[in-house]
Each structure stands twice: as C-alpha cells, then as structure tokens.
Amino acid sequence: MAPLLLPMAAAFLLLLPVILSATVVDDLRNLRPPPDFNSTITGNCLRNPSLRYCGNSRPLGGLDEIFKFTVVASHLCNESRNPNCIESFDKIDLRGRPKIAPLYLSFDFFWKYCPLSIQSIDFSNNSLRGEFPTSVLACAQVRALDFSHNELSGDFPVEMLASLVNLTVLNLSYNHFSECKLSESLVFRRFNSSNFVHSGLIPNKQSFAVKAMFLMIGLPLMVILLVGFMAMLCFRRRNLSLESRQPRHHFTTSMLNAATSGFSCENLEGKSDGVDIYRGILRDGTQARIEIYWSDISTESMRKFVEECKVLVQLRHKNLVRVFGWCNDREMRAIVMEWTDGESLEIWLTERAPPLKHRLKVLVGVMEGMCYLHELWPQVGYDLRTSSIILSRNLEPLISRFEFDSRNSISKNKHKFGVLLLEMITDIGKMEDIEAGEAGFIEYIRMNFPANSQNLLDERIMNGSTTIEQARQVIEIGLACIDHSANEQLKMDWIRLILLRIYRACHANGSPNHGRFSGDRDKRHKHGQ
C-alpha cells in the first residue's frame with residue numbers, strides 16, 4: 001500500500017495510507033509501517049522539530065506508536081469533515097457522534113502527538129460519562145474546546161487550563177462537574193459565562209448565601225436540637241434503668257401505657273365497677289389481658305396485693321390462665337395475664353349445645369387445675385362460676401379468676417366444683433319453680449334426684465340410655481361434692497379419676513360400671529381426707 005507524503009503546510013508531515021478501510025479499529029489491527037517509514041519520520045523531524053513526535057530532531061517513542069497515530073489522524077480528519085485532509089487538518093468535530101466519540105477519546109497515543117494544525121475540538125452532545133478526558137488538553141495550541149451537553153462529572157482539571165494560552169472558547173455547559181473552589185472559579189472569567197450554564201463548576205452565589213445562612217442560623221439550631229435529643233435520650237435511659245431494676249414481673253405505668261397504645265378505646269375490651277379490661281401487646285410481642293383497678297386502697301392492702309401477685313406469677317398449669325405480673329404504681333394497680341381468644345363456659349353452654357363427652361372433658365380439665373392448686377398452692381382460691389372459666393380452641397378450660405381469702409378451704413372448693421358440675425349437666429331453664437340463687441338450685445336437684453332425674457338433664461346431651469346413665473352418675477358426684485358430710489371424705493384426685501373414667505367410657509360409647517363408682521366411694525369413705 002503506497003503512502004502519500006503530506007506537505008509541510010499540513011503541520012504534521014505524516015505518511016497516510018492511500019486507501020483506508022471502513023473503521024479505524026480495522027486499520028490499527030491490519031496496517032503495518034512501510035519499509036521507509038523510519039527514514040521518512042526522521043526527515044520530518046529534521047525539517048520541523050516542533051512536531052510532537054520529535055525531540056532534538058529525532059523521533060520520540062516507538063515507530064509503531066507513531067504509525068498508529070498517523071492512522072487515527074487520517075480517520076479522524078475525514079470523520080471531522082475537514083475539506084482537504086492532505087492539505088490541512090484544522091478541526092476535530094465529532095459533535096453528536098456518540099458511537100465513535102468515546103473511541104477516539106480513548107486513543108491516548110493520538111492526543112500525545114496531537115497535530116499542531118488543529119485549532120478547534122468539539123465533542124459536544126455525545127452523552128459522555130465519567131471524568132473529563134484530560135488527554136485532550138495535550139493539544140495546547142487549540143483555540144476552541146467544546147464538551148457541552150454530556151454527562152461528565154467529577155473535578156475539572158482547572159490547573160491544566162494555564163497551558164492552553166490560545167484558548168478563547170471553552171464550553172462545558174450542561175454537565176455534572178463538581179463545584180470548584182471560589183479561587184479556581186476566577187480562571188473561567190476569561191470565557192463567556194453562558195458556556196458554563198448547568199455545568200456545576202461555577203459556585204452559585206445564591207447557594208453560597210443559603211449555605212452562609214445555614215451556618216449562621218441552622219448550625220446553632222441543630223446544636224440546640226442535638227442537645228435536647230441527648231437530654232431526652234438520657235431521661236429515657238434513666239426510665240429504662242429504673243424499669244430494669246424492678247422485679248422481673250413488675251410492670252410500670254409507662255410499660256402498660258405503651259402496651260395499650262395509651263390506654264386507647266380501641267384496646268378497651270370491657271368495663272365493670274372499678275375495673276377496666278384492656279388487650280395489650282407487651283415488649284416481646286405477647287398479647288396480654290390487663291385488668292386495671294382504679295379504686296383507692298390502703299398501703300397495707302397494696303402490700304398484700306403485691307404479695308398475692310408474687311404467688312400468682314409462679315402458677316404453671318395448662319388449666320390456669322398464666323399471670324405475667326402486676327403494676328402497683330401510685331396512679332393505679334393492675335394484673336397482667338395471658339390473653340385468651342376463647343369464650344366463657346357460660347356462653348359455650350348456652351350457644352354451642354355441646355355433647356356430654358365435651359362437657360366431661362371440660363370438667364376433667366377444671367378438676368386437674370384444682371388438684372394442682374390443692375397440692376402446691378393451697379392458699380390460692382379461685383372462682384368456678386361458668387362466667388369465669390375460659391375455653392381455649394381445643395376445649396381446654398382455663399380458670400381465670402383467683403382470690404386470697406382467709407375462709408378459703410378444700411371443702412369450700414369442692415362445693416363450688418359440685419355446683420359447677422350440676423350446672424354443666426342440668427337444664428336450669430326448665431326449673432321454673434326453684435327459688436332464686438344457688439341454694440334454691442341445689443335444693444331443686446335434691447328433690448328430683450334420682451326419681452325424676454331425666455327431667456333435670458339438659459335435653460341436648462341425651463342421645464340414648466347410655467348417655468342418660470352417665471349423666472346421672474355425674475349428678476351423683478356433684479351432689480356428693482355439695483353434701484358436706486360426704487364432702488369431707490372425698491379426695492379431689494379421686495373425683496378427677498371417676499370423672500375421667502366416665503369421660504373415657506362416654507368417648508367410647510360404653511357405660512362405666514356404676515357399681516364400681518359406688519364401691520370406690522365406699523372405699524374412699526374409709527380413708528378420709
């Protein structure tokens with residue numbers, strides 16, 4: 001491939017291939033320097049030592065790099081639409097050429113030997129990203145430089161502009177450069193200010209005023225707010241420290257306030273005389289039933305309340321509602337216990353019409369809870385009314401009301417269970433002639449049992465002679481618990497075993513041996529409590 005020698009007026013005296021391929025990349029890959037390339041370059045340096053690839057009238061760098069420079073220069077001259085690339089190479093104009101502009105900017109060897117004839121460089125509107133390509137500034141003789149309408153960012157090399165003494169036009173508008181220092185911004189005064197619009201380079205006077213105002217007013221205000229926040233944090237830590245020193249089961253008013261969203265109406269589940277019942281969520285996410293008592297009590301009564309709560313939090317049984325703790329602040333007193341989503345035994349009996357086997361299962365569970373308290377916590381009394389016993393979803397009864405009464409006794413507790421047992425089996429609605437109250441209810445059953453026992457039973461549990469017989473046995477146990485002369489001889493565990501035996505027989509549709517019950521009771525009478 002024969003080369004052409006540019007005249008001296010072309011300013012860089014290079015060898016150019018006669019025929020160029022479609023892309024500069026292809027030529028850089030395929031073309032090789034001609035045999036006389038070395039002597040030609042040496043001759044160019046002797047004639048014009050100012051050429052950038054010359055030093056002391058001899059070529060600098062390798063011949064391969066200089067040859068690549070000539071290839072890129074040939075392509076770039078034509079891409080920039082110079083009128084006669086053999087005669088002159090005045091401008092680099094790749095504006096709006098985003099596909100090839102980054103490629104030519106990447107040829108550092110070209111910018112290293114930038115032709116002295118180039119007067120203007122235009123890479124505007126190419127969506128160029130990253131930092132400003134400083135290699136372009138090696139063309140120190142350039143008069144116009146345009147990199148506007150790109151996405152360039154970072155610091156602009158202001159200090160390098162000092163070497164471009166001929167530069168009169170510099171357009172960097174519509175980029176994202178970092179704002180330069182106020183002292184550096186003075187360099188840009190020699191250029192038209194409109195060429196730096198939205199470049200990010202020139203400090204905004206209005207922005208500077210805002211920053212100054214922030215330093216004068218905002219900073220002191222921020223310091224005040226920070227001090228206030230630190231004081232609030234210290235106060236909060238003090239409260240947390242006080243709470244952490246409380247007993248593990250003790251709740252403060254602030255803890256209950258947080259658990260109930262400020263004792264909100266949405267969390268209020270019920271009210272009665274002097275008692276508000278809230279649903280709350282404790283710090284660990286546990287749902288809790290919070291009973292708040294607003295009545296004033298003496299200091300001694302408050303001390304007894306705390307001592308009783310210390311006992312209740314130790315109770316652990318599947319048929320007792322768990323007590324988490326208490327609150328005895330000056331503003332109020334409260335008991336915090338587990339939340340149960342089940343319904344009361346009273347509602348269950350009225351609305352669900354449960355069969356006998358389910359009622360027996362509940363009675364066995366209640367008796368197991370009673371046996372636990374009797375054996376380990378005999379000082380703890382409990383309420384066995386149907387409204388005070390809660391049923392879980394799997395029909396597990398939960399005793400939810402506890403009491404500490406000096407009159408609490410085993411005999412009294414058996415009596416309460418006997419009444420509960422009779423209420424579970426009989427149909428109070430049919431007893432129109434009875435006197436109001438518990439005494440009238442018990443007397444009515446005694447008068448009609450066993451002769452008229454079938455009329456006593458809740459019709460919803462009767463589905464055959466076997467069920468009726470089992471229900472009669474349950475009534476017999478209930479009457480034995482109420483009879484104080486027999487009550488003294490009955491052990492709670494024995495009652496539990498008999499109920500469990502009847503329940504299992506009912507579950508298997510078989511009838512337990514009634515004589516065995518009577519015999520067991522006779523044996524029990526011999527031993528005493």
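Two strands count as paired here if DSSP finds at least two bridges between them. Keep that rule in mind while we walk through this predicted model, starting with one residue pair: Ile292 stands opposite Ala334 in strand 16.

That pair belongs to a longer run of partners. Strand 14, residues 287-293, is joined to strand 16 by six bridges, and the two run antiparallel. Strand 16 also has strand 15, residues 323-327, as an antiparallel partner, this time over four bridges. One of the matched positions there is Gly325, whose bridge partner in strand 16 is Val336. Getting from strand 15 to strand 16 takes a hairpin of five residues.

Now step back to the whole sheet. What is the order of its five strands? Reading across, the open sheet goes 12-13-14-16-15, with antiparallel pairing. Strand 12 and strand 15 sit at the edges with a single partner strand each, so one side of each has no neighbour in the sheet. On average, neighbouring strands of this sheet are turned by 20 degrees against each other, if you ignore direction. At the strand 12 end, the pairing with strand 13 (residues 275-281) is antiparallel and uses four bridges; Lys271, for example, has Asp276 in strand 13 as its bridge partner.

How many of the six residues of strand 16 are buried? Five of them are, so strand 16 (residues 333-338) is largely enclosed by the rest of the structure. Part of the surroundings is helix 8, residues 299-312, which lies across strand 15 and strand 16 and runs at about 165 degrees to strand 15. As background for looking at any of these strands, side chains in a regular strand alternate between the two faces of the sheet.

Strand 13 also leads us to the aromatic residues. A search of the whole structure turns up 13 aromatic pairs. One of them is Phe263 with Tyr278, an edge-to-face pair with 5.5 Å centre to centre and 65 degrees between the planes. Phe263 comes from the loop between helix 7 and strand 12, while Tyr278 is in strand 13, so the pair ties together parts that are 15 residues apart in sequence. Tyr278 has a relative accessible area of 7%, and because the cut-off for buried is under 20%, it counts as buried. Elsewhere, Phe69, Phe110, Trp111, Tyr113, Phe123, Phe132, Phe147, Phe156 and Phe177 form one aromatic cluster.

Next, some backbone oddities. Most residues other than glycine have a negative phi, and most peptide bonds are trans. Ser261 goes against the phi part, with a positive value near 55 degrees. Ser261 is found in the loop between helix 7 (253-259) and strand 12 (268-272). Leu395 is not a glycine either, yet its phi is positive at about 60 degrees, and this residue lies in the loop between strand 18 (389-391) and strand 19 (397-399). Which of the two is buried and which is exposed? Ser261 is exposed, with a relative accessible area of 52%, whereas Leu395 is buried at 19%. Both values lie close to a cut-off, because buried means under 20% and exposed means over 50%. As for the peptide bonds, the one from Phe449 to Pro450 is cis, with omega near 5 degrees. Pro450 has its place in the loop between helix 12 (438-448) and helix 13 (453-456).

Another loop residue to look at is Ala162, between strand 9 (151-154) and strand 10 (169-171). Its relative accessibility of 60% means that Ala162 counts as exposed. Ala162 and Val187 are 25 residues apart in sequence, with 8.6 Å between their C-alpha atoms.

Helix 16, residues 492-507, makes a handy geometry check. At 1.5 Å a residue, its 16 residues should span 22 Å, and the end C-alpha atoms are indeed 22 Å apart, which agrees. Among the buried residues of helix 16 are Trp494, Ile498, Leu499 and Tyr503.

Finally, the protein as a whole. The secondary structure comes to 17 helices and 20 strands, and buried residues make up 45% of the 529 residues. Of the contacts with a separation of 6 or more, 62% are between residues 24 or more positions apart. The exposed area is about 28,000 Å², with carbon and sulfur atoms supplying 54% of it.

Definitions and conventions:
Residues numbered from 1 in each chain as written. Predicted model: local features only at pLDDT ≥ 70, side-chain atom pairs only at ≥ 80, totals over all residues. Heavy atoms only, no water. Buried < 20%, exposed > 50% of the residue type's maximum accessible area, 1.4 Å probe, protein only. Expected span 1.5 Å × (residues − 1). Contact = heavy atoms within 4.5 Å. Areas by Shrake-Rupley, 256 points an atom, 1.4 Å probe, with all protein chains shown as cover. Axes fitted to C-alpha atoms, helices over the stretch in contact; angles between N-to-C directions. Phe/Tyr/Trp six-rings, centres within 6.5 Å; stacked < 30°, edge-to-face > 60°.
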